[in-house]
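Work through the following exercises with the coordinates open beside you, and try each task before reading its solution.

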Amino acid sequence: MPGPIETTSYQIRVDMPPEPVIDALVDFWPDRARIWRETSHPAVYRLHRLGETDADVTEGVPFSWSREHYDWSTPGVVMLTQLDSNVAQNGTIRYQIRPDGAGSLITCDRRREFFGRRGRVAGTFMVLLGRSVLIRQLRAGLERARP
């Protein structure tokens, strides 16, 4: 049974230059669980493949996980394309990171089509509260990524 469709867009300014922002988004080594603890639960997180400018990763929490293909081959852009999930399909997340003074302007565009019982719960949450939660999580992760 189809569930909600999340389409979330937001912009935030951070006081980090673009390179460390991108580095934090694509850090798939052990530090990832510390930086992105909201989406790197040890029961779920798996790095399947890591290339020079792309990776396949399963992330999330036991209730809601997603296997994503990360691509950062385009300068200033980190694109996630959903490969599999227990709650959603046809998902994409696109981060564009541009210089903004001494910091960065991050634009995020997300789309997910949720399905099933868990998907209806997760999707309803994301449609109603996702934007503020995602902004808070991104800011918190970037703060934890600071040296």
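**Exercise 1. Find how many aromatic pairs a search of the whole structure gives, and describe one that is edge-to-face.**

Begin with the ground rules: this is a predicted model, in which local features need pLDDT of at least 70 and side-chain atom pairs count only at pLDDT 80 or more, while totals for chains, interfaces and linings use all residues. Residues are numbered from 1 along each chain as its sequence is written, and side-chain values use heavy atoms, with hydrogens and water left out.

Next, apply the criterion that rings of Phe, Tyr and Trp (its six-membered ring) pair if their centres lie within 6.5 Å, with planes under 30 degrees apart called stacked, over 60 edge-to-face and the rest tilted. The search returns two aromatic pairs. One of them joins Phe28 and Tyr70, whose ring centres are 4.9 Å apart and whose planes make an angle of 80°, which is edge-to-face. Because Phe28 belongs to the loop between H1 and helix H2 (32-35) whereas Tyr70 belongs to strand E4, the pair ties together parts that are 42 residues apart in sequence. Helices (H or I, at least four residues) and strands (E, at least two) are DSSP runs, numbered from the N terminus.

**Exercise 2. Determine the strand order of the open sheet and place the helices H1 and H3 against its strands.**

First, count two strands as paired if DSSP finds at least two bridges between them. The result is an open sheet of seven strands, in the order E1-E7-E6-E5-E4-E3-E2 and with antiparallel pairing. Its edge strands, each pairing on one side only, are E1 (2-14) and E2 (46-50), and the twist averages 15° from one strand to the next.

Then look at individual pairings. E2 and E3 pair antiparallel over four bridges and form a hairpin with three residues between them; Leu47 stands opposite Val57 in E3. Five bridges join the antiparallel strands E5 and E6, and Val78 faces Tyr95 of E6.

Finally, add the helices, taking contact as heavy atoms within 4.5 Å and axes as lines fitted to C-alpha atoms, for helices over the stretch in contact, with angles from 0 to 180 degrees between N-to-C directions. H1 (residues 18-25) lies across E1, E4, E5, E6 and E7, at about 155° to E6, whereas H3 lies across E1, E4, E6 and E7, at about 5° to E1.

**Exercise 3. Examine Asn90: what is its phi, and with which residues is it in contact beyond its neighbours within four places in sequence?**

Asn90 lies in strand E6, and its phi is near 50°, a positive value in a residue other than glycine. Most residues other than glycine have a negative phi. With neighbours within four places set aside, Asn90 is in contact with Gln82, Arg111 and Glu113. Its C-alpha is 8.9 Å from that of Phe114, at a sequence separation of 24 residues.

**Exercise 4. Identify which element gives the largest share of the lining of the largest pocket.**

The lining comprises 33 residues, of which Glu38, Thr39, Arg110, Leu134 and Gln137 lie nearest the centre of the pocket. The largest share, eight residues, comes from H3.

Terms used
1 Å grid on protein atoms, 1.4 Å probe; cavity = no way out; pocket = protein on both sides within 12 Å on 5 of 7 lines; lining within 4 Å.
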